[in-house]
Amino acid sequence: MTAARAPHPVAFTPIAEVPLRVDTLVYEHGWQSWSPAGLHPAHGTSSRPHTANAHTLGYRPGVPLPERGFQGEGLLAVLPGAGEPVRLFSARKPADCVPSLRAEVRDGRLLISSTGDSGCVCEQSHSSDLGAALAAWAEEAAALRDRALPKVPPVWCSWYHYYLAVTDEDVLENLADMDRLGLPVGVVQIDDGFEAQVGDWLEPSNRFERPLAEIADRIRAGGRRAGIWLAPFLAGAESRLAQDHPDWLLAGADAGHNWGQQLHALDVTNPATAEWLQNVVSTFRGWGFDYFKLDFLYAGALSGRRRQEASEVGAYREGLKLIREAVGPEATLLGCGAPLLPSIGLVDAMRVSPDVALWEVLEEADLSQPSRRLAMLAGRARAFQQGRLWLNDPDCLIARPAMEGREEWASHVERFGGLRSASDRLADLDAWGLETTRRLLTPARTEPFPLDRLDLEAAPAA
Ligand code: 9PG
C-alpha cells in the first residue's frame, strides 16, 4: 500500500450553470483507458476510487474528485432534459491542455466548473442527441491524427489465461494450435511476464528459455506478426533501471503500486532517458516485433519535476512521439492504461475500458476495476471513438468455458471492437468457444461506429 498523499489544491472556476430537471443527465468521460465513462442522472454521484493507489491507477492522478457529482477529464456533457440541446464541455486543444470538468448540484442548479484557463476549455451546443454530439466532437479532435487507421489483423494475446506466469513454451503451444485449428490469428502478442522486471525490458524472466528474437522468428515464420507488451514509462522500484538510474525517474511523482512494488515514472525530457527508451523499442523492432501494446501509459503524464520544462500532456506526447519515431510508421501502437485525450493522433488503437475478468466480484465495485460488466459499460460509453480517434480495443475475447457470461462478453466484443483480439489457451476451447473465436477474429474494423447504434443508457443514480 502506498500512503495516501495530501492532494495538492486544484482550482476549479465556474464556467456554466444549467437548470436542473428530474431528467437532466450528465455524460462523464474519465481520464484514461481504465477510468469509468458513462451517462448518469445529474443528481447522482459517479464512481470513486476506494484507495489512493486505485485513484492513481484508475482515475486522473493528483486531481481530487468532488465529494458528490461528476468529473470528466477533458470531456463532459450535460443533457438538460427532453428536447433541449446537449451542452458539451471539452478541451479546446487536447494536445496542449486537458481541463478537469465538474458537474455538481448547487441550489437546484447544475454548476459546471473547470481547471485551467479559459483558453483551455470550450463549450459547444449540439443537437439533443448525445451520440451525435460526441461523434462530432471526436471528428473534430481527430484533426490531430495525420495517419490513416491501419489495417490490424486479429490478435492473440497471452494475458487472460497465463497472466504473469506465461512461458515461451506456452506461446509456442498456442502458435502450433492456431495452425492446427486453422484460426485466423495475424498477430501473436506476448503480454506481461516475459521481462525480468517492469523497466528491465531487455532482460528475460527465467520463464523464457529462448531469446525473444527466436520467439518472434517462430511467430513470423508462420506468416504472422509478433507483438509485445511494454509499460514504457514505468520502472518498478526493484528494477535495475530504477536502481542504476535514479536520475532518469520523474522526481516527486507517485506512479502507484503494482507487481508487489512501488512504481516510478520515467522523465523522458531527460535526453539519456529518451535515448534509453528509443533503444528499448527499436531493439524489439530489430527482433521482429512490430505490434506494441503500450500499457500503464498514465505514468507518462504525471505531474513532477522534469529535467526540461514541459506540461504533463506535453511530456506525455513527447514520450509517445519518441516511441513512434523509433519503431517507424509501419508498427502498430495500442495504448492501454492511457490518458485518452492526450493520446489522440499518437496511437493506432486504444483500450477504452477496464480489464475484462473471468468472473464478477460481487461487492459494490469501484468502476475502474477489472470486470466484464464494467468493461462493457465503459466500452459502450466510448464507442463513438471507434474509427474516429483510433481503433477501439474493447479488451480481449475470452471464450473458454471458465469465462462467466462468455456469450454476453462475446456479443460486446463483436459489437464494439474495433480491434479484435482473443486471449484463451486455445487447447481449452470447447466447440462454442472455438466457433466464436473463429467468427470474431476478423481484421480490425476501421469504419466509424454508426451513430444510430450509440444507444447510451443512463446508469441509475448512486
Ligand atoms: C498486464 C496487464 C494486461 C492488461 C492491462 C493491464 O492494478 N491495476 O489497477 C491494474 C489495472 C490493469 C491492469 C493491471 C493492473 O491490466 O490492461 O490487459 O496487459 O496490465 O499486467
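The following questions and answers concern a predicted model of a protein chain with a ligand.

Visitor: Which domains does the domain assignment give, and how many Å apart do their C-alpha centres lie?

Guide: The assignment gives domain 1 (13-144) and domain 2 (155-453). Between these two domains, 40 residues of domain 1 are in contact with 44 residues of domain 2. The C-alpha centres of domain 1 and domain 2 are separated by 27 Å.

Visitor: Where does the largest nonpolar core lie with respect to domain 1 and domain 2?

Guide: This core has 124 residues, and those with the most contacts inside it are Tyr27, Trp137, Phe194, Trp201, Phe284 and Phe292. Its largest share, seven residues, is supplied by helix H8 (residues 312-327). Because domain 1 (13-144) and domain 2 (155-453) both give residues to this core, its place is between them.

Visitor: How many residues does the second, separate core have?

Guide: Ala42, Leu76, Phe89 and Ala103 are included in this second core. The core is separate, and its count is 14 residues.

Visitor: Which residues does phenylalanine 284 touch, not counting residues up to four places away in sequence?

Guide: Phe284 is among the residues with the most contacts inside the largest nonpolar core. With residues up to four places away in sequence left out, phenylalanine 284 touches Phe194, Trp201, Leu202, Leu212, Ile228, Leu230, Phe289 and Phe292.

Visitor: What percentage of the area that the ligand exposes when taken alone does the protein bury?

Guide: There are 15 residues around the ligand, of which Tyr160, Asp191, Asp192, Lys293 and Asp355 come nearest. An oxygen atom of the ligand lies 2.7 Å from an N or O atom in the side chain of aspartate 191, and for aspartate 192 the corresponding distance is 2.7 Å. A polar side-chain atom of lysine 293 is 2.8 Å from an oxygen atom of the ligand. Taken alone, the ligand exposes 460 Å², and the share of this that the protein buries is 87%.

Visitor: Does glutamine 124 count as buried or exposed?

Guide: Glutamine 124 is located in strand E9 (residues 121-125). Its relative accessibility is 16%, and the limit for this class is under 20%. Glutamine 124 therefore counts as buried.

Visitor: With which side chain does that of glutamine 124 form a polar contact of 3.5 Å?

Guide: Not counting residues up to four places away in sequence, glutamine 124 touches Val86, Arg87, Leu88, Ser90, Trp137 and Glu140. The polar contact of 3.5 Å joins the side chain of glutamine 124 to that of glutamate 140.

Notes:
Residues are numbered from 1 along each chain as its sequence is written. This is a predicted model: local features need pLDDT of at least 70, side-chain atom pairs count only at pLDDT 80 or more; totals for chains, interfaces and linings use all residues. Side-chain values use heavy atoms; hydrogens and water are left out. A nonpolar core is a set of buried Ala, Val, Leu, Ile, Met, Phe, Trp, Tyr and Cys residues joined through side-chain atoms within 4.5 Å. Buried means under 20% relative accessible area, exposed over 50%, partly exposed in between (1.4 Å probe, protein chains only). Helices (H or I, at least four residues) and strands (E, at least two) are DSSP runs, numbered from the N terminus. Domain bounds come from an automatic or database domain assignment. Contact means heavy atoms within 4.5 Å. A residue is near a molecule or strand if one of its heavy atoms lies within 4 Å of it. A polar contact is a pair of N or O atoms within 3.5 Å; within protein, one must be able to donate a hydrogen and the other to accept it, and residues adjacent in sequence count only if both atoms are side-chain atoms. Accessible areas come from the Shrake-Rupley method with a 1.4 Å probe; for residues, only the protein chains shown count as cover.
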